[in-house]
Amino acid sequence: EYPEVPASGESTGSDMSDIENRYRKVFCSVFAVEDTALDSNLSYQEIPDWDSVGHMALMAALEDEFVIEMDIDDIIDFSSFEVGKTLLAKYGVSFA
């Protein structure tokens, strides 16, 4: 349904890291956190800015970054940094 999101770099196997970097930059920008704060344990409401308002800002920023429109169920289910990767795959944003 959604086309594969192109990486902005060359297709030399660095596509995953480009998508990952873009994903991480969105989190850092929206929540004003360092990249080191982003790990598989990061989840909704674990950091002060990831409240309901921050969550919607994150969803809007991810939609803008990857030029997608997420379903409301996926927005609700987007409960952690890792879960987000799985949900974004439905929209052609591949981390693998």
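Gln45 is exposed, because its relative accessible area is 55% and the cut-off for exposed is over 50%. The model is a predicted one. Gln45 sits in the loop between α1 (15-31) and α2. Its backbone stands out too: phi is positive, about 70°, although Gln45 is not a glycine.

Val67 tells a similar story. Its phi is near 50°, again a positive value in a residue other than glycine. Val67 lies in the loop between α2 and α3. With 72% relative accessibility, Val67 counts as exposed.

Asp71 is found in that loop as well, between α2 (52-66) and α3 (72-77). Asp71 is partly exposed, at a relative accessible area of 45%. Asp71 also belongs to a surface patch of negative charge. The other members of this patch are Glu69, Asp73 and Asp77.

Now turn to the aromatic rings. The whole structure holds nine aromatic pairs. One of them joins Tyr44 and Trp50. Their ring centres are 6.2 Å apart, and the planes meet at 85°. This pair is edge-to-face, because the angle is over 60 degrees.

Are these two partners buried or exposed? Trp50 is buried, with 0% relative accessibility. Tyr44 is partly exposed, with a relative accessible area of 32%.

Both rings belong to one aromatic cluster. Alongside Tyr44 and Trp50, the cluster takes in Tyr23, Phe27, Phe31, Phe78, Phe81 and Phe95.

Technical notes
Residues numbered from 1 in each chain as written. Predicted model: local features only at pLDDT ≥ 70, side-chain atom pairs only at ≥ 80, totals over all residues. Heavy atoms only, no water. Patch = residues over 30% accessible without salt bridge, like charges linked within 9 Å, V, L, I, M, F, W, Y side chains within 5 Å. Areas by Shrake-Rupley, 256 points an atom, 1.4 Å probe, with all protein chains shown as cover. Salt bridge = Lys/Arg side-chain N within 4 Å of Asp/Glu carboxyl O. Lys, Arg positive; Asp, Glu negative; His and termini not counted. Charge placed at Lys NZ, Arg CZ, Asp CG, Glu CD. Helix = DSSP H or I, 4+ residues; strand = E, 2+ residues; numbered from the N terminus. Buried < 20%, exposed > 50% of the residue type's maximum accessible area, 1.4 Å probe, protein only. Phe/Tyr/Trp six-rings, centres within 6.5 Å; stacked < 30°, edge-to-face > 60°.
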